[in-house]
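I opened the file to look up two things: one strand and its partners, and then the contact between the chains. My notes follow in the order of the look-ups.

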Protein chains: 2
Amino acid sequence: MASASERAAPHDGPITIINVFEVPAGQVERFTAWWRTRAHIMAAAPGFRDARLHRAVSPQARFQLVNVAHWDSKAAHDEASGSAAAQDLLRALREDPHLRVLANPATYEIAVELGEPPATKP
Amino acid sequence: MASASERAAPHDGPITIINVFEVPAGQVERFTAWWRTRAHIMAAAPGFRDARLHRAVSPQARFQLVNVAHWDSKAAHDEASGSAAAQDLLRALREDPHLRVLANPATYEIAVELGEPPATKP
């Protein structure tokens, strides 16, 4: 348990946030519009580096949307998430009767890396 | 349904493959060792660009491991996956009594992109 809590401790340095969304295929367009608005709020905050919302090619894929984002620190991300603008938007999402989205956000580190990731949209 | 099958059609160009793994936190090290071996086989195949296996910082995260990989084409990825070496390794994983892993691989396109993704490990 000690090692587990150590691994869960906040990072000081750059982090990767991955959010795996469970959203019905028929709601992907509507949710993406919401997400884009939120992403612009987040991107204006200090410490934001980049974000890529990936959309499954097949409507049968279990996870229709996956966001991979990088921030200067966990603290910077948490502060942006907690801003009034971000919180207001989250409330709007929860109250939208046309969207039933389960978000699974978590902080990740890179365990294995092979090749050079693209600097531009593949 | 027509538009759905069109969207699911194979891409000719570069693709992103994301694999969301459900694996007990206590099996992450063992599975990562297996994954690394497989990644080196895949990386040697034509059309491979890059892969990053992300590991959750918290052992409580629902998805302990997420791979984000880029390939020149879906055909190149499928051919590498179907190779004898890759298939043998998949069999070894399935027969390993110490690993209970649910993989959720799918092909993705980029729906929204903000900022410049890092060219090196963040």
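**Strand E3 of chain B and the interface with chain A**

I began with one cross-strand pair: B:Thr16 stands opposite B:His70, a residue of E3(B). I note here that the model is a predicted one.

I then looked up the strand that holds B:Thr16. Strand E1 of chain B covers residues 15–22, and seven bridges pair it with E3(B) in the antiparallel sense.

Next I asked which strand, besides that one, is joined to E3(B) by seven bridges. I found strand E2 of chain B, residues 48–56, and it runs antiparallel to E3(B). For a position in this pairing I took B:His54, which stands opposite B:Val66 in E3(B).

I turned to E3(B) itself and asked whether its residues are mostly covered or mostly open. The strand spans residues 65–71 of chain B, and seven of its seven residues are buried. Buried here means under 20% relative accessible area.

I sorted the side chains by direction. In a regular strand they alternate between the two faces of the sheet. In E3(B), I listed B:Leu65, B:Asn67, B:Ala69 and B:Trp71 as pointing one way. B:Val66, B:Val68 and B:His70 point the other way, and the residues of both sets are buried. B:His70 and B:Val66, the two I had met in the pairings, thus fall in one set.

I moved on to the two chains and superposed chain B on chain A. A rotation of 180 degrees does this, with 0.0 Å of shift along its axis and an RMSD of 0.0 Å. The copies are therefore related as by a two-fold rotation axis. I also checked the contact surface: 100% of the contact residues of chain B recur in chain A, so the same surface serves both copies.

For the extent of the contact, I counted 53 residues of chain B touching 53 residues of chain A. The area buried between the chains is about 4900 Å², and carbon and sulfur atoms give 63% of it.

I asked how many salt bridges there are between chain B and chain A. The count is four. One salt bridge that I looked up joins the side chains of A:Glu22 and B:Arg62, at 2.6 Å from N to O. I also recorded 18 residue pairs in polar contact across the interface, both residues at pLDDT 80 or more.

Last, I asked which elements make up chain B's side of the interface. Helix H1 (2–7), E1, helix H2 (28–43), E2, E3 and strand E4 (102–115) of chain B each supply at least two residues. The largest share, 12 residues, comes from E4(B).

Key
Residues are numbered from 1 along each chain as its sequence is written. Chains are lettered from A and ligands numbered from 1 in the order in which they are written. This is a predicted model: local features need pLDDT of at least 70, side-chain atom pairs count only at pLDDT 80 or more; totals for chains, interfaces and linings use all residues. Side-chain values use heavy atoms; hydrogens and water are left out. Buried means under 20% relative accessible area, exposed over 50%, partly exposed in between (1.4 Å probe, protein chains only). Helices (H or I, at least four residues) and strands (E, at least two) are DSSP runs, numbered from the N terminus. Two strands pair if DSSP finds at least two bridges between them. Copies are superposed by least squares on the C-alpha atoms of residues with pLDDT of at least 70 in both. Contact means heavy atoms within 4.5 Å. Buried area is the accessible area (1.4 Å probe) that two parts lose on being put together, summed over both. A polar contact is a pair of N or O atoms within 3.5 Å; within protein, one must be able to donate a hydrogen and the other to accept it, and residues adjacent in sequence count only if both atoms are side-chain atoms.
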